[in-house]
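Colleague: I would like to go through this chain with you. Can we take it one question at a time?

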Amino acid sequence: MSEPLFLKPVFHEKIWGGSKLAKEFGYQIPSEHTGECWAISAHPNGVSTVLNGKYQGMKLDELYQAHPALFGNPDKAVFPLLTKILDANDWLSVQVHPDDTYALEHEGELGKTECWYVIAAEPDAQIIYGHHAKSRKELSEMIASKDWNHLLTRVKVKAGDFFYVPSGTMHAIGKGILILETQQSSDTTYRVYDFDRKDNQGNLRELHLPQSIDVMTIGEIKNTTPLISNTGTAEITTFITNDFFTVYQWRVHAKTSFKQSAPYTLVSVLDGEGELIVSGDTYSLKKGQHFILPSDVSQWEFSGHLSMIASHDGSNS
Ligand code: ZN
């Protein structure tokens with residue numbers, strides 16, 4: 001029997017986290033400093049568990065190894081994607097991630113190319129997206145002299161914005177922003193600047209300046225242009241499609257049929273209520289749910305009013 005795989009997230013407390021994951025999505029969070037909901041993850045630092053059906057109780061990493069047919073018999077050794085929701089109650093550190101080549105050599109895992117869908121943002125909320133240094137030499141000089149105001153590129157954001165953050169991009173999510181992140185399954189971060197903050201034990205968080213300078217892209221970061229199509233009952237926005245992932249927004253207003261366009265698809269419900277119909281079975285959907293439509297689900301229907309972010313592995317499409 002083909003069925004969707006609903007997943008139980010894992011939460012991570014952070015110095016910059018807040019309580020919006022409980023307020024907005026009704027999640028049981030560990031504290032008022034909860035920064036990250038790892039919603040669809042097979043990464044060892046926080047693995048999702050299947051909530052329903054035949055595979056109930058299985059971890060996503062085990063399922064990927066034991067039942068590769070559900071994922072289109074992939075040639076990738078690990079589940080390649082990770083979906084998170086981040087509650088930035090304060091600035092995240094200014095950081096950069098390595099690409100696959102550098103990360104495999106130095107960290108033994110994938111690199112991290114990511115992208116962000118802004119779910120909500122306070123007025124005047126900002127991110128850091130790129131930098132102004134013209135050369136690697138200038139970059140290391142400006143970092144050494146802590147010339148952050150001249151170095152960092154600040155961009156204002158609002159709900160509905162999308163940002164592509166390829167590995168090598170200097171970035172930071174700003175205070176008052178709630179984001180859904182689709183990324184490669186990696187947890188390697190090189191921290192450049194942490195606003196000289198101390199944790200509750202009075203310690204500064206570690207910086208990784210030599211690695212950051214090694215992997216940083218010099219030059220402008222190009223964001224993507226969303227492509228919108230309308231079926232009459234749904235609006236489909238394709239934010240990005242590349243070697244790493246394809247990311248869509250699906251806004252459903254009435255009953256709409258979908259076909260699987262990749263070996264499997266990851267879905268997060270960000271707003272509204274409705275139903276998912278797979279092989280004659282109906283599953284009720286609400287804000288805050290996350291699921292995978294595996295390979296044996298070739299088509300499905302949504303009904304109701306739903307706003308979702310969906311993604312699939314890029315090189316499989
Ligand atoms: Zn990042």
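**Where two domains meet**

Modeller: Start with one pair: the side chains of Lys287 and Glu24 form a salt bridge, at 3.4 Å from N to O. The term means a side-chain nitrogen of Lys or Arg within 4 Å of a carboxyl oxygen of Asp or Glu. This is a predicted model, where local features need pLDDT of at least 70, side-chain atom pairs count only at pLDDT 80 or more, and totals for chains, interfaces and linings use all residues. Residues are numbered from 1 along each chain as its sequence is written, and side-chain values use heavy atoms, leaving out hydrogens and water.

Colleague: How is the chain divided?

Modeller: The bounds come from an automatic or database domain assignment. The chain splits into domain 1 (5-215) and domain 2 (227-316).

Colleague: How many residues does each domain give to the contact?

Modeller: Contact means heavy atoms within 4.5 Å. Domain 2 gives 31 residues, and domain 1 gives 35.

Colleague: What area is buried between domain 1 and domain 2?

Modeller: Buried area is the accessible area (1.4 Å probe) that two parts lose on being put together, summed over both. Carbon and sulfur atoms give 71% of it, and the total between domain 1 and domain 2 is about 2,700 Å².

Colleague: Which residues of domain 1 lose the most area to domain 2?

Modeller: Three residues together make up 22% of what that side buries. They are Phe6, Leu81 and Tyr117.

Colleague: How many salt bridges does the rule find across the interface of domain 1 and domain 2?

Modeller: The rule is the one given above for Lys287 and Glu24. Across this interface, the count is two.
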